Amino acid sequence: MSGHEELIQRLTRFYREAGREVSSAPPTWVPGKPRPWRALQPALASLLLVALAVGLAVTIRMVREEADRKILPAPLLTASPTPSPSISPTPSPSVSPTPLSSWVTRRVPIGSTVAMSLDSSAVFALYDPGPINGRPDPARTMLARIDRVTATATTAGPFPQGRLLARVGSGLWIGAAADQGMTADAQSLTLVDAVTLKVKQRIHLPGQPTPGTLSVPQIAATSDLLWLGYGQSLYRLEPTTGRTLLTENLSGTATSVSIDPSGRRLYVGLISTQPGVALVIELDASTGSRIASAPTGGADLGGPHVAAAPDGVWISYATGMLGAVEHRSAVGLALLMSPDHHYTNGIRVSVFGGEVWLVDGMAQQVACGDALSGVIAASSQETLPGDVVADTNGSYLGDSDGVGFLQPNPPCPR
């Protein structure tokens, strides 16, 4: 029996029973007197039952609709994935490419490198063969000649306190550090044969460093030029004998020297005698005549390091919090650019022909780029890199393990 039929039967039964209790004669009503309550009961009861019937009907309909919704079949899931929104690649800055994996394709594990130089047939490296009691021993510094084709290493030494190398036509000059407490042998320049590594000549450094301070000789050379910055003096030396040809006084302590690829200009970085001031000066590489000077950074943290380029000079130095790099013009040392990169205090810039190399030892990164524009072409992640030497036929990295043959990818500019 449906709900509607049951409702009709209940209403019929109610009216039938109500008819027995209510008189068939209409009640007498006197105007002005309220109608008796019992006379209204049938009508009120009918209204109440109608309201209940309507409510019951609405409730039954809602229950049925809800039941219908619950038994509807669920939609079938397809196996095809929902397409993801396309993502446009974000262009990376051209001056800061993401470092790639190591560029070292061949390694000569001689020890921690101190300084490097290069000629057409060999790579030269001063190195510490190993620590003693956990510390390197400068008195045991050795020299290695590494063949660029076979990677065969020939060694000689020791060369106590050896810090710098310079290749000239007659051989290879080794510069040693000096201070008041060192012996006379340590305060010297040593010329060795570039093939046999046999000592050809040794001279004492001209002049004296500032008393009580470590003063490392700074060397720059071409096949027929040799310049030495030592203490507060600058010397042009005869490349074959080391004899002093001329002397220039500096307004501070030399921290680096570099000759441009044409052999015409000499750049010197120095810590001024004025507290907190560092300078870069430009001189004629033949006569030593001063051309220009400009203030730079690094005065209290080792001074500026200069690297001569075809159009001027690159300068790198520590600031205490970060490192900084500048590119200055050969004309008046005007600032060409100061790359806005986050270098560490270990940043060091070198220039070889049209290439600029940035070695950041603390960040363990090596980068190469164009020496004129400063645009970085590529970078790599290396372990404790120290120095790079390069020419048109190859590039080499000195690090804490030895010398690595580099194969940049993509190739660095040549």
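The following legends describe close-up views of a predicted model.

**View 1. Threonine 190 in strand β8.**
Threonine 190 belongs to strand β8, which covers residues 188-192. Its relative accessible area is 4%, so threonine 190 is buried, since buried means under 20%. The side chain of threonine 190 makes a polar contact with the side chain of arginine 202, at 3.0 Å. Beyond its neighbours within four places in sequence, threonine 190 is in contact with Phe159, Leu172, Trp173, Ile174, Val199, Gln201 and Arg202. Arginine 202 therefore appears both in the polar contact and in the list of contacts.

**View 2. The disulfide between cysteine 368 and cysteine 412.**
The structure holds one disulfide. This disulfide joins cysteine 368 to cysteine 412, with an S to S distance of 1.6 Å. The pair links distant parts of the chain, 44 residues apart: cysteine 368 is in strand β24 (residues 365-370), and cysteine 412 is in the segment after β28 (403-406). The torsion about the S-S bond is about -80°, so the disulfide is left-handed. Both cysteine 368 and cysteine 412 are buried.

**View 3. The salt bridge between aspartate 399 and arginine 107.**
Six salt bridges are counted in the model. In the one shown here, the closest N and O atoms of aspartate 399 and arginine 107 are 2.7 Å apart. Aspartate 399 lies in strand β27 (residues 394-399) and arginine 107 in strand β1 (residues 104-108), so the salt bridge ties together parts that are 292 residues apart in sequence. Which of these two residues is buried, and which is partly exposed? Aspartate 399 counts as buried because its relative accessibility is 4%. Arginine 107, at 33% relative accessibility, counts as partly exposed.

**View 4. The salt bridge between arginine 167 and aspartate 119.**
The side chains of arginine 167 and aspartate 119 meet in a salt bridge, with an N to O distance of 3.0 Å. Arginine 167 lies in strand β6 (residues 162-168), whereas aspartate 119 lies in the loop between β2 (112-118) and β3 (122-128), so the pair ties together parts that are 48 residues apart in sequence. With a relative accessible area of 24%, arginine 167 is partly exposed. Aspartate 119 is buried, with a relative accessible area of 13%.

**View 5. The salt bridge between aspartate 391 and arginine 148.**
Aspartate 391 forms a salt bridge with arginine 148, and the closest N and O atoms are 2.7 Å apart. This pair links distant parts of the chain, 243 residues apart: aspartate 391 is in strand β26 (residues 385-391), and arginine 148 is in the loop between β4 (142-147) and β5 (153-156). Aspartate 391 counts as partly exposed at 23% relative accessibility, whereas arginine 148 is buried with a relative accessible area of 11%.

**View 6. A network of salt bridges.**
Asp260, Arg265 and Glu282 are linked in a network of salt bridges.

**View 7. An open sheet of four strands.**
The strands of this sheet have the order β22-β23-β24-β25, and their pairing is antiparallel. At the edges stand β22 (347-352) and β25 (376-381), each with a single partner strand, so one side of each is left without a neighbour in the sheet. From one strand to the next, the twist averages 15°. Strand β22 is joined to strand β23 (residues 355-360) by six bridges, and the two run antiparallel. Within this pair, arginine 348 stands opposite valine 359 in β23. Cysteine 368, shown in View 2, lies in strand β24.

**View 8. Backbone geometry in three loops.**
Most residues other than glycine have a negative phi, and most peptide bonds are trans. The peptide bond from glycine 157 to proline 158 is cis, with omega near 10°. Proline 158 is placed in the loop between β5 and β6. Alanine 151 has a positive phi, near 65°, and lies in the loop between β4 and β5. With a relative accessible area of 15%, alanine 151 is buried. Leucine 384 also has a positive phi, near 50°, and its place is in the loop between β25 and β26. Leucine 384 is partly exposed, with a relative accessible area of 46%.

Conventions: Residues are numbered from 1 along each chain as its sequence is written. This is a predicted model: local features need pLDDT of at least 70, side-chain atom pairs count only at pLDDT 80 or more; totals for chains, interfaces and linings use all residues. Side-chain values use heavy atoms; hydrogens and water are left out. Buried means under 20% relative accessible area, exposed over 50%, partly exposed in between (1.4 Å probe, protein chains only). A polar contact is a pair of N or O atoms within 3.5 Å; within protein, one must be able to donate a hydrogen and the other to accept it, and residues adjacent in sequence count only if both atoms are side-chain atoms. Contact means heavy atoms within 4.5 Å. A disulfide is a pair of cysteine sulfur atoms within 2.5 Å. A salt bridge is a side-chain nitrogen of Lys or Arg within 4 Å of a carboxyl oxygen of Asp or Glu. Two strands pair if DSSP finds at least two bridges between them. Axes are lines fitted to C-alpha atoms, for helices over the stretch in contact, and angles run from 0 to 180 degrees between N-to-C directions.
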